[in-house]
Amino acid sequence: MSLLRPAAGVLTLLLLLSLAAGTVHGETLLTGFGGVAFGGATDRTRGSYGASLGFLGAGVVGFEVEFCTTPEFFGNARADVFSDNNVLTLMGSVLFAVPSGPVRIYAAAGAGLLKTRLEDPARLLSIDSNDFGINVGGGLLAYLGDHVGLRADVRYFRDLQDADPDGAFDIDLGEVDYWRVVGGITFKF
């Protein structure tokens with residue numbers, strides 16, 4: 001799909017920037033997280049969970065790649081029309097953090113894949129969409145020691161779509177948007 005090409009380019013650029021920054025006193029961060037998605041396209045609060053791998057140097061700029069899933073995003077599988085549905089994200093984000101210390105506040109902005117899937121019980125109305133998505137938000141990292149910390153994060157997610165698939169690069173806001181609040185444990189290497 002042509003919308004994935006810009007996402008792949010953004011992710012590649014962000015990955016190269018993070019590797020170039022790796023020579024400066026930096027930290028590799030591995031975080032497992034869980035929380036909730038709410039608002040926007042979801043009808044009520046839904047559980048979300050995932051993991052991120054990032055780099056945050058002693059300065060203010062860092063990078064991360066994260067994967068997250070939100071099962072039953074569009075409704076309860078037992079009570080609604082769609083029996084199986086979810087939203088998956090795979091995004092790269094740039095982090096802007098308060099310089100080194102035991103507590104770091106950060107802002108985040110990124111882009112990547114926002115995948116939505118809906119399937120009815122009879123498998124007649126299946127929708128499987130891979131869209132370009134964006135996120136913006138921020139959070140807090142509080143280190144409990146040299147290698148372990150707690151993380152809290154809030155972000156807004158939105159899909160972008162090509163409203164007029166005429167071959168030209170013209171992207172518009174899509175139908176899927178939501179807020180996500182998560183907390184997790186971070187391991188610092």
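This report walks through a predicted model, from its barrel to its salt bridges and a few single residues.

Some ground rules come before the details. Residues count from 1 along each chain as its sequence is written, and side-chain values rest on heavy atoms, with hydrogens and water left out. Since the model is predicted, local features need pLDDT of at least 70 and side-chain atom pairs count only at pLDDT 80 or more, while totals for chains, interfaces and linings use all residues.

**Confidence**

The chain averages a pLDDT of 84, where pLDDT is the predictor's confidence in each residue, from 0 to 100. A score of at least 70 is reached by 81% of the residues. Residues 20-24 are another matter: there the pLDDT is below 50. Beyond near neighbours in sequence, that stretch has three contacts in the model, a contact being heavy atoms within 4.5 Å. Where pLDDT is low, the predicted coordinates should not be read in detail.

**The barrel**

What do the eight strands close into? They form a barrel, running in the order β1-β2-β3-β4-β5-β6-β7-β8 with antiparallel pairing. From one strand to the next, the twist averages 25°. That angle is taken between axes, which are lines fitted to C-alpha atoms (for helices over the stretch in contact), with angles from 0 to 180 degrees between N-to-C directions. Strands here are DSSP runs of E with at least two residues, helices are runs of H or I with at least four, and both are numbered from the N terminus. Two strands pair if DSSP finds at least two bridges between them. Strands of a sheet pair through backbone hydrogen bonds, either parallel or antiparallel.

Take β6 as a worked case, with its partners on both sides. β5 and β6 pair in the antiparallel sense over 16 bridges, and Tyr106 stands opposite Gly139 in β6. Strand β6 (residues 127-143) also pairs with β7, again antiparallel, over twelve bridges. Here Asn135 faces Phe157 in β7, and Tyr143 has Gly149 of β7 as its bridge partner. The link from β6 to β7 is a hairpin through four residues.

**Salt bridges**

How many salt bridges does the structure hold? There are eleven, each one a side-chain nitrogen of Lys or Arg within 4 Å of a carboxyl oxygen of Asp or Glu. Three of them are set out here.

| Acid | Base | N to O distance |
|---|---|---|
| Asp153 | Arg151 | 3.8 Å |
| Asp153 | Arg155 | 2.9 Å |
| Asp177 | Arg158 | 3.7 Å |

Asp153 turns up with two partners, Arg151 and Arg155. Asp153 is buried at 5% relative accessible area, where buried means under 20%, exposed over 50% and partly exposed in between (1.4 Å probe, protein chains only). Arg151 is buried too, at 10%, and Arg155 is buried with 0%.

The side chains of Asp177 and Arg158 meet in a salt bridge. Asp177 lies in strand β8 (residues 172-188) and Arg158 in strand β7 (residues 148-161), so this pair ties together parts that are 19 residues apart in sequence. Both Asp177 and Arg158 are buried. Salt bridges that share partners also join Glu64, Glu66, Arg151, Asp153, Arg155 and Arg180 into one network.

**Three residues worth a look**

Is Thr116 buried or exposed? Thr116, in strand β5 (residues 103-119), is buried, with a relative accessible area of 5%. Leaving aside neighbours within four places in sequence, Thr116 is in contact with Phe74, Asn86, Val87, Ile127, Asp128, Ser129 and Val176.

Over in strand β8 you'll find Phe187, which counts as partly exposed at 39% relative accessibility. Neighbours within four places in sequence aside, Phe187 is in contact with Thr28, Leu29, Leu30, His147 and Val148. The C-alpha atoms of Phe187 and Gly32 are separated by 8.9 Å, although these two residues are 155 residues apart along the chain.

Then there's Glu72, with a phi near 50°, a positive value in a residue other than glycine. Where does Glu72 sit? Its place is in the loop between β3 (61-71) and β4 (84-97). Glu72 is partly exposed, with a relative accessible area of 25%.
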